[in-house]
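Me: Could you take me through the strands, cores and surface of this chain, one question at a time?

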Amino acid sequence: MRNPKSSLVHASIKRTALSLALGACFVGGVQAQTNTAGVVVGRATSGDTITVTNPATGFTRTLTVGADGSYRFSALPTGQYTVTRKLADGTSSTRNVTVNVGTSSSVDFVAAGGGATTLDAVTVTGSSFINPIDVNSVESTTILTSEQIAKIPVPRDVTSVALLAPGTVRGDAAFGNMASFGGSSVAENQFFINGFNITNSFKNLNFAQIPYEGVAEQQIKTGGYGAEFGRSTGGVVNLITKRGSNEFKAGGNIFWSPKSLSETNPNLYYNNGQLVSDNSKDNGWAATSAVWASGALVKDKLFAYALLQYGRERIESYPGSATGVGFGGSNFSNEIKSPKWLVKLDWNINDSNILEFTGFSDRSKNEIAYYRTQFGTAASPSAKPLRSDYQGTEYIEEGGENYVLKYTGYLTDSFTLSVLAGQGKTKRSDYAVTASGIREAFAGNLFGDVPGCPRVIDSRPQAVQQATGTIVGCNFIGAIFGGPNNKDQRDQYRIDAEWQLGDHVIRGGVDIDNFKTTDSNADEGGVRYQYAQSGGRDFVRRTYFRNAATVEVNQRAFYLEDTWNITDNFNAYLGLRWDTFDNKNGLGQTFAKIDNQFAPRLGFSWDVNGDSTFKVFGNAGRYALPLTANVAIRGASASRYEIQDFVYTSIDPTTKAPIGLGECSFCSYPDQFFANNEFGVAKDPNAIVSQNLEPMYQDEYILGFQAQLTDNLSGGVRAIYRDLKRAIDDTCDYRPIQAYAEENGLEFNPYNPGFAFCHLYNPGSDGIFNVDVDGDGTFERITIPADVLGPKAKRTYSAIEFFFEGVWDKFFLQGSYTYSKSKGNTEGGVKSDIGQADTGTTQDFDYPELTYGSFGYLPNDRRHSLKLFGNYEINDQWSVGANLLVQSGRPVNCIGIYGDDPVHYRNSYFSCDSGNPADNVDPTHPGNTNNGTTIVPRGTAGRLPWSTTLDLNVSYAPSFADGKLKFKVDVFNVLNSDKATSINEFGETTTGSPQDAALTYRTPTSWQQPRFVRLMVQYDF
């Protein structure tokens, strides 16, 4: 892009003027700021009149410069503005400036100290591709506009754009398309659109998918954010939508990724060379079309932007069987339909009052047709898979509608007030219809029948399966699935106020965020049968797992901030935040409440040269997370988890369910066992949490600098350290409670509502639990020492980030390099090692034995990460863009059975005998004292390989269309790199066999996205 400033700025002031336009978008944002608007600040002569105007909307505000020579326009809607200074003699001068979300744009008419400057005669035009160095900021922020995003080859979704920021890495494939920020798990981020929280707080593993064509700016906060933001120990993604103006605009586009131009993942082989999944057919296509229009309903007063978008995608999958012989596994054809819409209304009531409305829908429907796979024979194990035997279709509906109303009032020259109210409703409906027409749907009855086929799993040794054939039932989903009535609702209200008081900008507010969720889960057919062997003898484990409840998380926060301009070029920031989290069970009873959790934030920003060309900044802050809603579904509400082992006489030829069940004397569970006290009755809310439960929190420290290196290039460095000081998780170790009963002469009766096998507590602290030990209706208060429950939760993240941004005549380039380490004994909300998505209640601290060897490098540890992206305009018609990611691999574990599996978690320990010399056995570890168990400390079984992803694009805007018509081709993963991004980390099977596990250990479970091409045509009116 040609730089409009190059011919306007005189050499003597060129460097100062460019500082308004050059800077790193990687360090933007100002603490004294709302999450939907920006600020214009500057200096002029006391008594001057300053007017800021948005020509596109007619929005105008006028201030008189105060006695200290400074002025400030707060809470400005994003866009292009003119800033006009009018002197007492009637003369004036004008500047143009771009206002981005959460940033402070400086426009000085006099130099620091009040002296005159020749900049008075210069018009500086802000560029839409770069952001000024914000010398008021202590945040670590990336801002990308829709114009930038359109120039570079990047998938058009929130996560993919967020991954351009330094310090972010893609999370494990088991959790979908999510990002990890600064070593935190993917469940520790918050997402906003026009100030409204769109995070799905059920598990914090999803967020509303706004139609991305309607996004005007995406702000990614990776650290150091102010007290206005909370409920996150990872990052914050802030989206601003497009809006209408006085100029009528309309357009449409089509994005298409054809099947014929897409590659597939590599074939999957077992370690013995056996082909088990021919992925050459695993292909599909995707297309999205959108139309939009915007303009003034009443000139200079009322504006509208409307967008309709429809997406359709088909995914084909042809996996092999579990053994590579006979019938097994399931393949599917998945069609996804995504009708979406967005409406944005802006009403400039007058110069002092603005009213905004945002409404959007992100509904999607998945229809997944399942088939059996005929995959070779014992004589021909490498035969290609054939799709056969249609089994049924699963119907999944997700998404919903969100409506947000926001008022902004500029009540005085120094006082601004904003009020927001919004509601979001989301469905998570899931049911299936079998090939014979049976509707499989769990209605939430914990003891009633669930229509459909029972879930069947064959866990017998591989040799037995190959000799007798794998037992495959008529179930086809093959996993726990939800109910047709699952849904979520968020009601959010917040008030934010800002008051400029001399050298201080004081901000404060209240944020009320209430989330309600209805959730139910069950195995397909309502029951699970798992065939296994013990000592060569066959048995079957029958499991009933069901839960259903409507639960709530009510959240309230107060915050207060002060940004203090101590001198003309040194700002100090102090932020204070108090959060209250109230978690309620299925009966509406509070089972966990954290009151007024205190989170201070401190920071500074030093404009060293006083001209916005060199900035030193730092901050220290405390950040916290609430318990997500899913914690209450099983942990605090009625649920059923019944396990019992049987011998059997025969197997049903259709369903493969066992027939003739009998007592199993050699099995682990010969009697009925209700795991975790889940026998279908309501749990007492007083028995769920430790009575000394303290809030979790993480401390963060950042120190860095940013400088304008040349007239066209800026860059910086920052060091980051994060330390998880306290966590909340659950312990399920009932043995100390049983010991208490024996010591006090009480009969141990765990099957009563007052007894909870699992309790929420702070790992590393004593547990003080209310427990009805003998079932007499009276609680005993039992204190269990911390060293009995297990170790303290630990997680640290340390990193150094180098970042830069360059803008030349026709070329812009941004990039970063991050060197980081993420270490501890817990990843955080989820557990990528085994793909466990039980946010906040993973198995990490369930029993002390599970923590043996757990300290080490965590799943989101990517030691090296290099990111480069940019665009070059060849001429007025042609441009090319590139996006490069080079990243080191994540650490690898060896997971298996510890000793004789003392807590019955099967292959869930950092303990296995894989025969791998990289196991790094620690002979001093207590785990090595039990039956010769080999402890394999976390992350010591090697690392995945480095990966390189190069994306390229070319854009053509024919001259005959006067820039209205555009064609673009994006090629993702041009080199078709196919490195594994996750692997099977089980070095032993569920029965403890390293020999059977040797077939699958370290085989890939996901790869880099194969090469695909996206074609676009767009026309703007």
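The questions and replies below concern a predicted model.

Me: Which residues of strand 11 point the other way from Gln190 and Phe192?
Reply: In a regular strand the side chains alternate between the two faces of the sheet. Strand 11, covering residues 190-193, has Gln190 and Phe192 pointing one way, and every one of its residues is buried. The residues that point the other way are Phe191 and Ile193.

Me: What are the bridge partners of Ile193 in strand 14 and in strand 12?
Reply: Strand 11 pairs with strand 14 (residues 236-241) in the parallel sense over four bridges, while its pairing with strand 12 (residues 196-197) is antiparallel and has two bridges. The partner of Ile193 in strand 14 is Leu239, and its partner in strand 12 is Phe196.

Me: Which residue takes a positive phi in the hairpin of strand 11 and strand 12?
Reply: Most residues other than glycine have a negative phi. The hairpin of strand 11 and strand 12 has two residues between the strands, and a positive phi near 50° is taken there by Asn194.

Me: Which residues touch the most other members of the largest nonpolar core?
Reply: This core has 41 residues, and the elements that each supply at least two of them include strand 11, strand 13 (215-223), strand 14 and strand 19 (302-317). Its largest share, three residues, comes from helix 3. The residues touching the most other members are Ile198 and Leu239.

Me: Which residues of strand 11 does Ile198 touch, leaving aside those up to four places away in sequence?
Reply: With those sequence neighbours not counted, the contacts of Ile198 include Phe207, Ala208, Leu239, Phe360 and Arg490. Strand 11 spans residues 190-193, and from that range Ile198 touches Phe191, Phe192 and Ile193.

Me: How many bridges join strand 15 to strand 18, and how many join strand 15 to strand 55?
Reply: Strand 15 (residues 249-257) runs antiparallel to strand 18 (residues 284-298), where Ser257 has Ala286 as its bridge partner. Strand 15 also runs antiparallel to strand 55 (residues 1012-1020), where the partner of Ile254 is Val1017. The count is nine bridges to strand 18 and six to strand 55.

Me: Is Lys656 partly exposed or buried?
Reply: Lys656 is found in the loop between strand 36 (650-651) and strand 37 (658-659), and has a positive phi of about 70° although it is not a glycine. Buried requires under 20% relative accessible area. Because its relative accessibility is 26%, Lys656 counts as partly exposed.

Me: What is the relative accessible area of Asp962?
Reply: Asp962 lies in the loop between strand 51 (947-956) and strand 52 (965-972), and its phi is positive, near 55°. A residue is called exposed at over 50%, and Asp962 is exposed because its relative accessible area is 64%.

Me: What accessible area do Trp808, Phe811, Tyr872, Ile874, Trp878 and Val880 have together?
Reply: Val880, found in strand 50 (residues 878-887), is partly exposed, with a relative accessible area of 31%. Residues enter such a patch at over 30% relative accessible area, so Val880 at 31% satisfies that cut-off. Val880 and the other five named residues form a nonpolar patch on the surface, and their accessible area together is about 510 Å².

Methods
Residues numbered from 1 in each chain as written. Predicted model: local features only at pLDDT ≥ 70, side-chain atom pairs only at ≥ 80, totals over all residues. Heavy atoms only, no water. Buried < 20%, exposed > 50% of the residue type's maximum accessible area, 1.4 Å probe, protein only. Pairing = 2+ DSSP bridges. Core = buried A, V, L, I, M, F, W, Y, C linked by side-chain atoms within 4.5 Å. Contact = heavy atoms within 4.5 Å. Patch = residues over 30% accessible without salt bridge, like charges linked within 9 Å, V, L, I, M, F, W, Y side chains within 5 Å. Areas by Shrake-Rupley, 256 points an atom, 1.4 Å probe, with all protein chains shown as cover. Salt bridge = Lys/Arg side-chain N within 4 Å of Asp/Glu carboxyl O.
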